[in-house]
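The following paragraphs walk through a protein chain, beginning with a single residue and moving outward to the helices and loops around it. Please keep the sequence and the model open while reading.

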Amino acid sequence: MLLRYFLVCLVAVVVGIIIGFPMLAFCKRLKFSQPILHYVDKHTAKSGTPTMGGLIFIASSIISTLFFIKGQAFWAILSLIIMLCYGMLGFLDDFLKVRFHHNEGLKPYQKIIGQVGISLVVALYTYFQVGSTIDLFGVSLNMGIFIIPFIMIFFVAVTNSVNLMDGLDGLCASVSGTYLLFFGIILAVIGGQAFSNLAIAAFGMVGSLIAYLLFNGYPAKIFMGDTGSLALGGFIASLAVFSGLELILPIMGLLYVLTALSDILQVLHYKRTHKRIFKMAPLHHHFEQLGVHENRIVAIYIVITFMLGASCLLGYMAVMGVL
């Protein structure tokens with residue numbers, strides 16, 4: 001099994017690189033570039049960079065995962081389908097931005113309606129077919145029918161948090177790859193064929209994000225766009241929901257939480273006082289405005305996520321009696 005985990009990651013890297021070069025050329029040729037927001041002054045030089053790069057890791061993760069899963073693989077396959085659904089919603093948003101040459105694609109309410117619609121279907125399936133129990137370090141809680149609104153809120157929160165994280169070269173892919181690496185190991189430690197296939201899907205995405213970072217690392221040659229960030233958020237949320245490990249995400253994914261909170265607090269405080277808490281939101285832009293280079297910010301975010309992931313892994317290893 002360990003060999004399969006390693007191979008799916010390796011294959012995903014290779015497939016992602018193979019897909020990446022023609023995808024980059026294709027996006028450049030069709031001028032699939034997203035205008036940079038005018039108030040992000042430090043990123044004006046990035047104007048014209050192609051977007052929709054998320055298609056690279058979406059495609060490579062699907063190909064590699066489907067090649068290695070076997071047995072009870074429906075949850076893993078469903079996670080990929082959900083990823084595609086969110087990816088299509090993001091693609092529509094990106095396409096409108098590119099088509100009309102501005103930074104407004106779908107209206108916020110249209111994106112929320114799409115996200116809520118997908119999450120409702122997932123929540124109903126989970127309640128009737130998967131169960132309503134969530135777990136944190138071996139402590140289980142049966143939420144009953146309340147699992148339905150919980151999952152809907154969870155999906156909307158995760159997908160938008162991941163979307164907000166996509167603000168610096170390599171940031172979202174690096175943090176998400178680190179998070180998924182440890183989440184995949186936890187799934188493998190818990191064991192069972194269904195969880196093992198979810199772990200394969202997680203490692204497949206890790207390899208795909210590594211390949212994508214060859215094109216998105218500073219200086220980025222392509223951005224993932226909402227196509228990639230919404231798909232990635234939907235995928236991360238799906239793995240958590242189908243494994244019942246939703247409560248571990250705010251711990252391992254603490255930086256997702258802080259990113260979203262900084263944006264929410266900034267908006268609410270500004271509407272009330274017309275003053276800002278941060279120089280710019282989300283949080284990584286605040287650090288950037290303080291003069292911290294984006295590579296340093298990305299490195300710090302990776303280290304923090306690595307430490308949180310390692311801590312949660314040790315916790316589950318202790319619960320499972322592995323330590």
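## From a buried serine outward

Ser79 has a relative accessible area of 0% and is therefore buried. The model in which this is seen is a predicted one, and the values that follow are computed from it. Ser79 has its place in helix H3, and once its neighbours within four places in sequence are left aside, the residues in contact with Ser79 are Leu198, Phe235, Ser238, Leu239 and Phe242. Of these partners, Leu198 falls within the span of helix H7, residues 193–216, while Phe235, Ser238, Leu239 and Phe242 fall within that of helix H8, 225–243.

A second serine can be read in the same manner. Ser176 lies in helix H6, which covers residues 171–190, and Ser176 is buried, because its relative accessible area of 0% is under the 20% limit. With neighbours within four places in sequence again left aside, Ser176 is in contact with Val162, Leu209, Leu232, Ile236 and Tyr256. The C-alpha atoms of Ser176 and Ser311 are separated by 17 Å, and these two residues are 135 residues apart along the chain.

Some of the partners of Ser176 lead on to the nonpolar interior. In soluble globular proteins, nonpolar side chains tend to be buried together. Which residues touch the most other members of the largest nonpolar core? In this core of 85 residues they are Leu180, Phe183, Leu232 and Ile236, and helix H7 (residues 193–216) supplies the largest share of the core, with 12 residues. Leu180 shows what such a position looks like: not counting residues up to four places away in sequence, Leu180 touches Ala202, Met205, Val206, Leu209, Leu232, Phe235, Ile236 and Leu239.

From the core we can turn to how the helices pack. Two packed helices are described by the angle between their axes and the distance between the axes. For helix H2 (residues 54–68) and helix H3 (residues 74–100), the axes come within 11 Å and cross at roughly 165 degrees. Since angles over 145 degrees count as roughly antiparallel, H2 and H3 are therefore roughly antiparallel to each other, and their crossing is left-handed. H2 brings Ile58, Ser61, Ile62, Thr65 and Leu66 to the contact, and H3 brings Ile77, Leu80, Met83 and Leu84. By class, the residues of this contact of H2 with H3 comprise 7 nonpolar and 2 polar, with no charged residue.

H2 also packs against helix H1 (residues 2–29), where the axes come within 8 Å and cross at roughly 145 degrees, and this crossing of H1 and H2 is right-handed. On the H1 side the contact is made by Arg4, Leu7, Val8, Val11, Ala12, Val15, Gly16, Ile19, Gly20 and Met23, and on the H2 side by Leu55, Ile56, Ala59, Ser60, Ile63, Ser64, Thr65 and Phe68. The contact of H1 with H2 has 12 nonpolar, 5 polar and 1 charged residues. Thr65 of H2 belongs to this contact with H1 and also to the contact with H3.

H1 has a further packing partner in H7: the axes of H1 and H7 come within 7 Å and cross at roughly 35 degrees, and this crossing too is right-handed. The contact of H1 with H7 divides into 16 nonpolar, 7 polar and 1 charged residues.

The loops deserve attention for their backbone geometry. Most residues other than glycine have a negative phi, and most peptide bonds are trans. Against that background, the peptide bond from Tyr218 to Pro219 is cis, with omega near -10 degrees, and Pro219 has its place in the loop between H7 and helix H8. A cis peptide bond also joins Ala281 and Pro282, where omega is about 0 degrees, and Pro282 lies in the loop between helix H10 (254–273) and helix H11 (283–289).

The loop between H10 and H11 also holds His274, which has a positive phi of about 60 degrees although it is not a glycine. Is His274 buried or exposed? His274 is exposed, because its relative accessible area of 59% is over the 50% limit. Phe137, in the loop between strand S1 (133–136) and strand S2 (139–142), has a phi near 50 degrees, again a positive value in a residue other than glycine. Phe137 is partly exposed, with a relative accessible area of 28%.

Technical notes
Residues are numbered from 1 along each chain as its sequence is written. This is a predicted model: local features need pLDDT of at least 70, side-chain atom pairs count only at pLDDT 80 or more; totals for chains, interfaces and linings use all residues. Side-chain values use heavy atoms; hydrogens and water are left out. Axes are lines fitted to C-alpha atoms, for helices over the stretch in contact, and angles run from 0 to 180 degrees between N-to-C directions. Helices (H or I, at least four residues) and strands (E, at least two) are DSSP runs, numbered from the N terminus. Angles under 35 degrees count as roughly parallel, over 145 as roughly antiparallel, 65 to 115 as roughly perpendicular and the rest as oblique. A crossing is left-handed if the near helix is turned anticlockwise from the far one by less than a right angle, and right-handed if clockwise. Contact means heavy atoms within 4.5 Å. Ala, Val, Leu, Ile, Met, Phe, Trp, Tyr, Cys and Pro count as nonpolar, Asp, Glu, Lys and Arg as charged, and the others, Gly among them, as polar. A nonpolar core is a set of buried Ala, Val, Leu, Ile, Met, Phe, Trp, Tyr and Cys residues joined through side-chain atoms within 4.5 Å. Buried means under 20% relative accessible area, exposed over 50%, partly exposed in between (1.4 Å probe, protein chains only).
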